[in-house]
Each structure stands twice: as C-alpha cells, then as structure tokens.
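Biologist: Please show me the structure, and then we can go through its pockets and cysteines.

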Protein chains: 2
Amino acid sequence: MLTVKKFGGSSVATAEKITAIAERVLREKQADEQIVMVVSAMGDTTDELIELAKGIDQDPYRFAREMDMLLTTGEQVTIALLAMAFKKLGQDAISLTGRMAGIATDDVYTKGRILDITPRRVHEELDSGKIVIVAGFQGADAAGNPVTLGRGGSDTSAVALAGALKADSCEIFTDVEGVFSADPRIAKGARKMQEITYNEMLEMARLGAGVMQPRSVEMGQLYGIPIHVRSTFSQNRGTVIREDYTMEEKSFVIRGVAHDEKVAKIAVLGVQNTPGVAHKIFAALADANVDVDMIVQSIRNIEKNVTDMVFTVAIGDLNQAKAVVDKVAEELDAVAVLIEEDVAKVSIVGAGMLGNPGIAARMFGALAKAGINIDIISTSEISVSCLIKSSEIKDAVNAVHNEFFPA
Amino acid sequence: MLTVKKFGGSSVATAEKITAIAERVLREKQADEQIVMVVSAMGDTTDELIELAKGIDQDPYRFAREMDMLLTTGEQVTIALLAMAFKKLGQDAISLTGRMAGIATDDVYTKGRILDITPRRVHEELDSGKIVIVAGFQGADAAGNPVTLGRGGSDTSAVALAGALKADSCEIFTDVEGVFSADPRIAKGARKMQEITYNEMLEMARLGAGVMQPRSVEMGQLYGIPIHVRSTFSQNRGTVIREDYTMEEKSFVIRGVAHDEKVAKIAVLGVQNTPGVAHKIFAALADANVDVDMIVQSIRNIEKNVTDMVFTVAIGDLNQAKAVVDKVAEELDAVAVLIEEDVAKVSIVGAGMLGNPGIAARMFGALAKAGINIDIISTSEISVSCLIKSSEIKDAVNAVHNEFFPA
C-alpha cells in the first residue's frame, strides 16, 4: 500500500509541530504501508521570504526566476526538519526537493505547471524502507532551475505525485475536518460529507468553497486518485473526493451549499440588441483576463430593440473590469454602466440534480419563504446559483441548507 | 578577463548590504570583465538554521545528510537576492546553486570535499552577458544530494571555481584590508603585505593567523590561481597570495609574525630512553586524531637513560590528549604527566629565510632583549616558532615584529 500525505504550512509552523506530525504519521502507519509526505514551507516563511525580497525591490516578482530560487528554500527547510524528526523517532526517512523527486515543470516561474513526474528516486527510497518527504509547491524546469507552482501548489504536488506513483490514496491534511455541506461557520446544521465527486468539488470551489485548490482536484480526476481531505488535529475520517459515490452516499441529491461574497455586479444599460454586442463586451473582458460569471440579458424596450447586459465578476477584478466596460459602453453608446458591490451568490451543487427535476424550484422556494429576493439566476449541469443582496447571505445559506439537509 | 569574487556572510547580512555589494561590483567592473560571484549565507542565517534543527534534536549533526539539505538553503537565499539586486541595477544576472554550477563533491555530508567542477552552465550564462552568482559552501554528490563543504567552505568554493573556470583572479572580500605582517590588534607597526606565497600563507594559517582557510589556499596553489584578499569596506588593493613574488616584494626576508594562544604543553616526565617510546606516545595520539605540534625530547638522567617528552597540542584537543597520554604514561611507567595551559606560540614565517642564515638567531635575540624566556623552539623550512609564557605574548609579537619590520 502506498499513501501520499500532504501537510500545509500551519501544520509545520514550528519544530514541535513537525515532531508532532512525525509521531502522528508513525502511529497511524500500517505495517505494509509505504509513505510519501508532501509539505509546505513553515508557517509564514514564504511571506517572510517575500518581505526579504521587497528589501531589494518593491516588486520582486518581476524577477520571477530569482523569486523561485528564493521561495523554494522554504519547503526545503521543512523537508529537512521533518526527515530529522522521523529519524529521531527511529524511522528511516529522506527529504527530496521537487527536482530530486522528478517533478518536471514548464519554465513559467512563480506559476509553473507540472509537465511530467519521473519518481525513480522516490521509488528507490521507498523500496529501501524510508519514508520519503518531498518539498511541495515546487519542481524544476528542463534546465534544472527551481520553479514554484504558485500559491496552494502543495496540494497539486501531492495529488500529482500520488498519480505518478500510482498511490492507493492521497491524504490532504488541513485545518478543517473535511468538506462540509455548507460553511459550518454560517450554516448551523452543516454536516461533513463522506464523499464528493471531483466534478462537484470543482463546482463547489468555483462557487466559493475554499477547501481545495481546483488544480489539485483536476489532477486527481485526471489520474483517478481519490483525495482524502481530513484534519491535522484529529484522527477522524474526513471527506473523500472521487469519481463516483459508493452506494450509501447516493441518498443526497445535492452535495453542498456554496456561497461567495467576493462578487460584484456590472450592468450595461440600454445597448442595441444587435448581433455582436455581447461579443464586444465579453471579448474585451476576456482580453483583459477578467472572468465573467453570471450573465443575463434582459429586454429594456422591445420597440426600440434596446437591451440591458448584466453580469458578475470577482471583486478583485472589479477595477479592471470597470475600466474595460466603460470604454466598450461608450463605443456601444450605452445609456449607463451601473456597479453593485453589495451582492453575494448562494449556490447548490450536486450531481444528483441531473436526474431530479424540481431541485432548482425547491431552492427558489426556500429563498422565497425566507423573504430573500433573487437578482440573477444561473445554472450549470450540476449547480444552481442565485445572486442576492450580500446582507442576506447568511439567511440564504441557512434557508437553502435546511431545505436540502433537514436536521 | 574572468574574475571570481567571494563575499562572506557579514558582507551580505541585510538586503541593504546586498544592494551595496551589487553597486560596488558594478562600479569596479571592467568593460570586458566576466564576473562570477560566490556568496555565503546572510549574517547569522546558518546559526539560525542550526538552532531550528536543535528544536528537532539536540544533536542534529547526527543526521548529516538532512543538515546539508537544511543548511544549503542559507546560500540559496543570498544568491537569489543578489541576482535581483544586479537586475534592479540594470545588469543581467543569474543565481546558481552549487549543484547547478557543476560543483561535484563526495558524499561526506557537512564536511564534503570538492571532487570535480564542470562549470558548463556557468560559462553559458557568462557568455550570454550575465553576472553569475554561485552559492558558496556547497555542492552536490553523484546522486544529486546537496552537500556542504563545512565552515569556511565558501572560500574553497570560490578558489576551486576560479581554478575550474581558469579565472584570471579570485578576490576574497573580507572584513580586514589583507594579510598583515602581524595581527594589527597586537603589533603596533603591523603592515599590510602586498604579496605572500601560498606556502607562507599556509604556514601562517597553521601557526595561528586566521585570515584564510588553509583548504582554499591549497586549492589556489593546486590550480595556480592568485588569491586577492581585500576589504569589503574599501577599494584598496589587499594582499595577493601567489606562487612567487614579483621583484619589488623580495626585500622582506620574513613575511609575517604569527601567534597562537590556543595551545597547551604536555610533558611526560621520566620515561626510559629506548627505541619505540616516542612512537608509542605519538601513535596513540594520532589514533585519537590529536595533532601534535612542537616536540622536544630532553635528557633527564643520562646514567639511568631516562628522558622527558615535551610537546604541544591545540587547547581544544587537550582533554582528549590528556586521557590518551595518561594511559600511555602508565604503560611506560613514567614519573609524571604535567600540563601547562598558560603558554603561547610566536612564529616567524618567510620563504626568504631559506637562503638567509641567522634569521632564527635574530628572533631569539629580539626575545632575549625583551626579557622573554623561550621554553621550546621548533622550526620548519619557512618558519621558526618559540613557545613562551602566554602573559608575554603581546610583548613577544611586538619585539619580533620590530626586529624584522622596523618602523
């Protein structure tokens, strides 16, 4: 049996925590289990390294190749200390940088993508009885330069390694107990899900649930590696992300309620309803790398053939989106551009809704019963999202969650 | 023209100092000059990493391979920051770890020796117009594991790289102006030497002068690379260590006065003067890895054929030496073993004394004139050393220095 276990920065923030992780892993280790650990930089190390670089230049990321030379040291420190911790406990172990573990990336420094993994050395060390500890968040390009995978990249390292090693499972240890049916800080009855599919997890992440990086879930799906999301602080079973459910988990038609408060609404009012108008607006936004989410086109004046274009963007993209839209609106001779920032999105996600008509209607009914007005609705194959006032988001999450997960 | 320039940890202790070094190097750069920089970890970084490891285990050096994985991050941080500093100033630059620079070592972790250097990448980057910044103190073994060269190893990295690159010179930047005729903190008239030979420098280092690591001087001699020891804080010319002098420097018969207060004297009194006695004592010490320096055998009682064996060891080896000697003395039925710690050694070093009889006599005369008693004398081809009371070491250094370097 081969298991990949990933621990994030807060789990390895001090020497004591690193020792505690080594003890925990050994306590749970099966006799025939081969273990690969993937770890992040300790605590705030990455931020501290960035601060150091800012002492040289205000915008050090313009020296991306050197930023990666700098940042990859963070995980290298952790892997060395964790290997020592295992050895101190009598368990042979060895640390490997991303390059040494055979993680080959492109050369897009600070945002590298894994091209291939050749884990020859990892297998050799496992076969000699060692626990192998690999630096997360990093690989090397063809010339041997260190490359980071960008923030959150340690999850991707772990899942990709599990795939390349044909591991039996990949465990992602985090500060929550697993994937919940809604954010437990908001929905009182939120329950931990036993299982969730890759597609559902990706949809949950897209719609605001922050447990897993989408890239790592995609990687799991690509290689068919079940991802077990569980807590660093307990021995409980968490949530397994996999291709399909085992039988007993099929009872839920939806898998979770996601919400996202970091959205803004843009309305371009009074443009001519002629071919190419939508394309003009959204092509300009795409050129500026702004992701557009919910889109509604509504008739303003059918006789004059005039329409309104309404859509949402991430709040972080709002300034850039506004600049682009203002320019296009002028070219299109629009009546006005309106921005609303006090909006939020509540969504339900579940592969089960495919064969279950009426799911969306139940969601709308629950919101109506709670007196919450819906501004925009959008749907995908496995989700329904409603844009509402941000002041009502907590009530909305609870209303929808109670509808599908009654206590 | 190709120059290797090495800066130590105190020269790169902060982002500001790193920027200052980049500015200084660019100010001095010749139009046709190719530059390779070798740098150490910032300030106390190495000590901080060791402390971190002690949080895992009190004696982390027993996990030597993992210590090297940990410690090599220190220089990796510096090279990244220095490369950024050059790029910010408009000079293209690239950082390379020891492994990337082609520095191949054995696998004696934490005390690695350089086996070979294949600086293909260094040449490529130089030829593309970059300043190349190499992590000092490190290389990699045949399996690609990081290996440190031990404390002071950055000097060795620099000189070995200069040799492999067939550099025109290797500049070691330090916190002193060069190699002095005596320790300037003690000898009032100490002067900076323009030149000194490899052999003299090695002898000076052996006899207590701390400017350069002997290994790096040996490396310079092996490859015939002149080593220019100079100050980080001034633009002055320092001291060039080379095979032989240029004409004008031949006027000095001795090159320097060295002294060493970290010595102890051991006397084994009253052993039989028969073949094999000396061998017994010194073989036992060699087996225990104790270096013995000055040795004198003196007759105690010619009729009984009884002799005394007197010698010196480094103070750090004294406890171990005493244990060994006590045991052998018992076997030899010696009268007593005496230890003296209040001793010190003053030495003169110079290739010029080979053709100049009477140099040693001048030294003894100078000490006698100052009223200083000599306990033991030892000589090599290019040095004469006298063991004296440690309370008289300052007077001794000044007396000898004034004799050979009159104001």
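Modeller: What follows is a short set of questions and answers on pockets, disulfides and burial.
Modeller: This is a predicted model, where local features need pLDDT of at least 70, side-chain atom pairs count only at pLDDT 80 or more, and totals for chains, interfaces and linings use all residues. Residues are numbered from 1 along each chain as its sequence is written, chains are lettered from A and ligands numbered from 1 in the order in which they are written, and side-chain values use heavy atoms, with hydrogens and water left out.

Biologist: Which element gives the most to the lining of the largest pocket?

Modeller: A pocket is an open set of points on a 1 Å grid over the protein atoms alone, where a 1.4 Å probe fits, with protein on both sides within 12 Å along at least five of seven lines; lining residues have an atom within 4 Å of a point. The largest pocket holds about 1300 Å³ of space. Strands are DSSP runs (E, at least two residues), numbered from the N terminus. With six residues, the element that gives the most is strand 13 of chain A.

Biologist: How many disulfides are there over all chains?

Modeller: A disulfide is counted when two cysteine sulfur atoms lie within 2.5 Å. By this rule the count over all chains is zero.

Biologist: Is Cys170(B) buried or exposed?

Modeller: Buried means under 20% relative accessible area, exposed over 50%, and partly exposed in between (1.4 Å probe, protein chains only). Cys386(A) has 0% relative accessibility and therefore counts as buried. Because its relative accessible area is 0%, Cys170(B) is buried.

Biologist: What is the volume of the second largest pocket?

Modeller: A volume is the space filled by probe spheres set on the grid points, which are joined across faces, edges and corners. For the second largest pocket, the volume is about 1000 Å³.

Note on methods:
Helices (H or I, at least four residues) and strands (E, at least two) are DSSP runs, numbered from the N terminus.
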